[in-house]
Amino acid sequence: MRKVPFQESLKIIGRGSVNWVADRPIVVSFEVTDSCTCHCLHCDHGGPRDDSRNLRPVDYRRYMKELRPCVVQVSGGEPLLRPDLVEIVQSIKDGSGLPYTILVSSWTLMTEDLYLKLREAGVDQFSVSLDFPDERHDGFRCYPGLYRHLEDLIPRLAQLGYDDIVLNSCITAENLEEINAIADKAREWGVNLCYSAYSARRTGCRDYLPTTPEQLAAIDAQFHQVESRRDTTNWIVNSPSTLQATRRYFKNSGMPGCKAGHRFLVVTADGALQPCSMQFQRYPLEDRHRMIREFTRNNRCDECYVSIRSYLDKSFPQLLWENVSGFFSVEGR
Ligand SMILES: C[S@@+](CC[C@H](N)C(=O)[O-])C[C@H]1O[C@@H](n2cnc3c(N)ncnc32)[C@H](O)[C@@H]1O
Ligand code: SF4
Ligand code: SF4
């Protein structure tokens with residue numbers, strides 16, 4: 001995984017440290033549309049939604065000024081459905097290296113031209129969802145032809161050499177035997193890989209949550225093998241401690257200690273603040289501290305261990321150390 005250049009790393013670490021002390025979020029996820037191209041079996045989105053009240057690109061400046069996150073996720077629904085996505089990214093970046101910006105997408109609508117334009121606008125990391133290393137991905141996402149599209153496009157874009165594409169694989173009861181096969185695919189295509197964990201909270205369906213002793217043993221064995229495949233390139237983006245915690249999350253069917261609303265939060269397509277994408281209490285931008293008081297301080301929800309959580313449950317020194325060793329440069333070369 002491409003490391004962030006030295007000067008930018010310093011700025012991100014500096015802003016992160018200030019935010020940590022000032023109780024501002026480290027990561028903000030902008031859900032830029034609720035509409036989607038897919039109807040994934042594990043998700044509560046799917047198909048078109050009312051987009052009439054979506055924020056405009058220029059509106060994102062106000063959120064950035066107030067929240068000053070060091071990392072932004074641009075997500076949805078399917079963010080590539082926004083015809084003005086390049087402008088949204090430009091507005092979030094405002095000509096500076098900050099924040100580190102991750103586009104989370106299914107890539108149903110990605111093209112080489114759009115990838116280059118989004119890079120130019122300031123996307124630092126392209127997170128592409130992949131649930132299976134073959135056509136079963138189409139079935140799970142209810143989008144025929146998607147796997148072939150990814151198989152054609154991803155290796156071609158990886159060859160450009162920017163090293164900024166990460167496959168994002170949500171582990172479910174359906175694909176847990178494919179954990180290493182998905183890693184094989186990432187290697188074959190020349191890209192990086194990040195695992196995430198299924199939460200039943202989105203749809204209420206517990207069928208996809210691995211809970212049986214056999215399923216938990218299979219995840220342990222698969223992760224054991226993943227650990228042996230790490231190298232100095234950081235192509236497996238999750239830290240060892242995050243994969244350990246993911247095992248615990250599945251074993252206990254939950255993970256307490258969530259900091260949603262405080263260390264990270266979601267901005268909905270129409271501009272409300274929400275603690276996370278699966279908690280729907282809405283607050284105006286000016287009421288962020290009320291969200292911390294009312295929601296975060298009383299939150300007992302332990303129902304997910306998605307990546308945004310897995311990064312920010314950590315103590316600040318651990319968070320800093322893992323990012324410095326994985327993503328940021330610490331020498332001015
Ligand atoms: C909600 S989608 C939004 C961005 C884009 N549409 C995509 O699929 O990448 C972001 C990520 O959430 C994951 N996801 C969807 N439902 C989930 C669930 N129930 N538990 C955990 N992750 C889930 C998806 O696999 C995807 O990687
Ligand atoms: S996971 Fe992403 S692509 Fe699938 S339905 Fe949800 S938002 Fe859409
Ligand atoms: S554990 Fe936290 S991030 Fe996950 S659904 Fe619950 S409140 Fe949201």
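This briefing describes the sheet of the structure and the surroundings of ligand 1. The model is a predicted one. Its eight strands form an open sheet with mixed pairing, and 18 residues surround ligand 1.

**Sheet**

- The strands of the open sheet follow the order β6-β5-β4-β3-β2-β1-β7-β8.
- Strands β6 (192-197) and β8 (273-274) stand at the edges; each has a single partner strand, so one side of each lacks a neighbour in the sheet.
- Helix α7 (residues 179-189) packs on the sheet, where it touches β5 (165-171) and β6. The direction of α7 makes about 155 degrees with that of β6.
- Strands β1 (residues 27-31) and β2 (residues 71-75) run parallel and are joined by five bridges.
- Phe30 has Val74 of β2 standing opposite.

**Polar atoms around ligand 1**

- A polar side-chain atom of Arg141 is 2.9 Å from an oxygen atom of ligand 1.
- The side chain of Asn168 places an N or O atom 3.2 Å from an oxygen atom of ligand 1.
- At Ser199 the backbone takes part: one of its N or O atoms lies 2.9 Å from a nitrogen atom of ligand 1.

**Cover and composition of the shell**

- On its own, ligand 1 has 540 Å² of accessible area, of which the protein covers 92%.
- The elements giving two or more residues to the shell are β3 (100-105) and β5.
- The closest residues to ligand 1 are His42, Gly77, Ser129, Arg141 and Ser199.
- By class, the shell comprises six nonpolar, nine polar and three charged residues.

Methods
Residues are numbered from 1 along each chain as its sequence is written. Chains are lettered from A and ligands numbered from 1 in the order in which they are written. This is a predicted model: local features need pLDDT of at least 70, side-chain atom pairs count only at pLDDT 80 or more; totals for chains, interfaces and linings use all residues. Side-chain values use heavy atoms; hydrogens and water are left out. Two strands pair if DSSP finds at least two bridges between them. Helices (H or I, at least four residues) and strands (E, at least two) are DSSP runs, numbered from the N terminus. Contact means heavy atoms within 4.5 Å. Axes are lines fitted to C-alpha atoms, for helices over the stretch in contact, and angles run from 0 to 180 degrees between N-to-C directions. A residue is near a molecule or strand if one of its heavy atoms lies within 4 Å of it. A polar contact is a pair of N or O atoms within 3.5 Å; within protein, one must be able to donate a hydrogen and the other to accept it, and residues adjacent in sequence count only if both atoms are side-chain atoms. Accessible areas come from the Shrake-Rupley method with a 1.4 Å probe; for residues, only the protein chains shown count as cover. Ala, Val, Leu, Ile, Met, Phe, Trp, Tyr, Cys and Pro count as nonpolar, Asp, Glu, Lys and Arg as charged, and the others, Gly among them, as polar.
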